[in-house]
Amino acid sequence: MVTRTASTIINNKSIKLEHDEKSYLKIYDQPIEMPHFSDSKTDRLQHVIMMDFQAKLSMVMRAQAKQNKLSLPLPKSKYGVTIKVTTIRDKKELPILLTAKAIIDAINKEVIDNDADIYSLKVEINPVSARSRRAKSKPTDEIDLEVYDVVSMKSLIRFQGLNTYIVPKSKPVLAGGFDAEYFYPDRELYHTYVQETLNRGGFVVSAADAYSVKLNFTGAVQSKDIDNMAKTYLPILVSMPSFKSDNVLSLELYKEHDDTHASVEIHVNCNSMQP
């Protein structure tokens with residue numbers, strides 16, 4: 001693979017970029033996650049329908065853990081989560097990262113005490129025709145899910161074919177204090193600085209009906225949530241005119257703690273389910 005380098009200035013710091021102009025990007029910088037802090041006097045009111053979906057999902061996982069004689073939450077370790085969603089809904093209704101975040105929230109504190117212990121997350125959205133449904137009374141979505149130990153690769157909780165109606169993650173309603181979350185320009189605008197540099201360097205992701213995207217986070221990431229880091233870097237792709245985020249049907253996220261090296265790598269495959 002032939003690559004070229006460039007640099008961008010973020011927060012008065014020069015950051016090196018390396019890319020192949022079409023499907024690979026490496027950012028030589030400490031991975032950052034998107035915070036969601038609001039004023040301490042502000043109540044964060046989550047959407048009831050989403051919380052109901054998460055509660056039902058947590059209940060299924062607790063039942064699986066009991067069947068497997070596991071005590072929850074699981075002890076601190078390195079965990080992986082694999083999610084496959086089969087749906088008859090329009091893919092615009094199930095953005096892949098927001099769908100994953102809603103499911104991870106059901107795992108956090110219930111199954112895994114701290115979702116920062118998730119070092120691998122694989123998500124696949126499998127759209128199917130409505131005509132393929134076996135019964136009209138069934139919900140629109142089906143979830144296959146596995147939680148496993150990354151070190152031993154031992155499967156801890158696993159179920160397949162859970163019929164449900166998925167409610168993707170949405171922003172909470174803020175009340176009782178400031179009516180908006182804090183704004184972090186160095187993080188929320190991070191993707192724009194990178195994107196401007198990539199535009200000048202001729203980086204263009206081809207238009208496609210299906211994308212698979214893989215992100216690798218290396219550095220001081222032990223306490224950082226893998227999905228919140230993805231929330232910072234996926235917009236680099238989304239901001240490209242040719243890239244349709246609704247067409248991301250496979251997403252893989254990995255993190256590796258390293259005290260000496262720091263980077264974010266992004267791989268994109270078009271019309272493929274394998275990064």
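This passage describes the sheet of a predicted model and the helices that pack on it.

The centrepiece here is an open sheet of ten strands with mixed pairing, in the order S1-S2-S3-S12-S10-S11-S6-S5-S7-S8. Strand S1 (4-10) and strand S8 (155-164) are its edges, each pairing on one side only. From one strand to the next, the twist averages 10 degrees. Within the sheet, nine bridges join strand S10 (residues 211-219) to strand S11 (residues 248-257) in the parallel sense, and Tyr211 stands opposite Val248 of S11.

Two helices can be followed against this sheet. Helix H2 (residues 96-107) touches strand S5 (79-87), strand S6 (118-127), strand S7 (141-149) and S11, and its direction makes about 125 degrees with that of S6. Helix H5 (residues 226-238) runs at about 125 degrees to S10 and lies across strand S3 (24-28), S6, S10, S11 and strand S12 (263-270).

A closer look at H2 is worthwhile. Its twelve residues reach 17 Å from first C-alpha to last, close to the 16 Å expected at 1.5 Å a residue. The helix is mostly covered, with ten of its twelve residues buried; among them are Ile96, Thr99, Lys101 and Ile107. The cover over these buried residues includes helix H1 (48-67) and H5, along with S5, S6, S7 and S11. After H2 comes Lys109, with a positive phi near 70 degrees.

Turning to the interior, the largest nonpolar core holds 67 residues, and those with the most contacts inside it are Ile27, Val213, Phe217, Tyr233 and Ile266. H2 supplies the largest share of this core, eight residues.

Methods:
Residues numbered from 1 in each chain as written. Predicted model: local features only at pLDDT ≥ 70, side-chain atom pairs only at ≥ 80, totals over all residues. Heavy atoms only, no water. Pairing = 2+ DSSP bridges. Helix = DSSP H or I, 4+ residues; strand = E, 2+ residues; numbered from the N terminus. Axes fitted to C-alpha atoms, helices over the stretch in contact; angles between N-to-C directions. Contact = heavy atoms within 4.5 Å. Core = buried A, V, L, I, M, F, W, Y, C linked by side-chain atoms within 4.5 Å. Buried < 20%, exposed > 50% of the residue type's maximum accessible area, 1.4 Å probe, protein only. Expected span 1.5 Å × (residues − 1).
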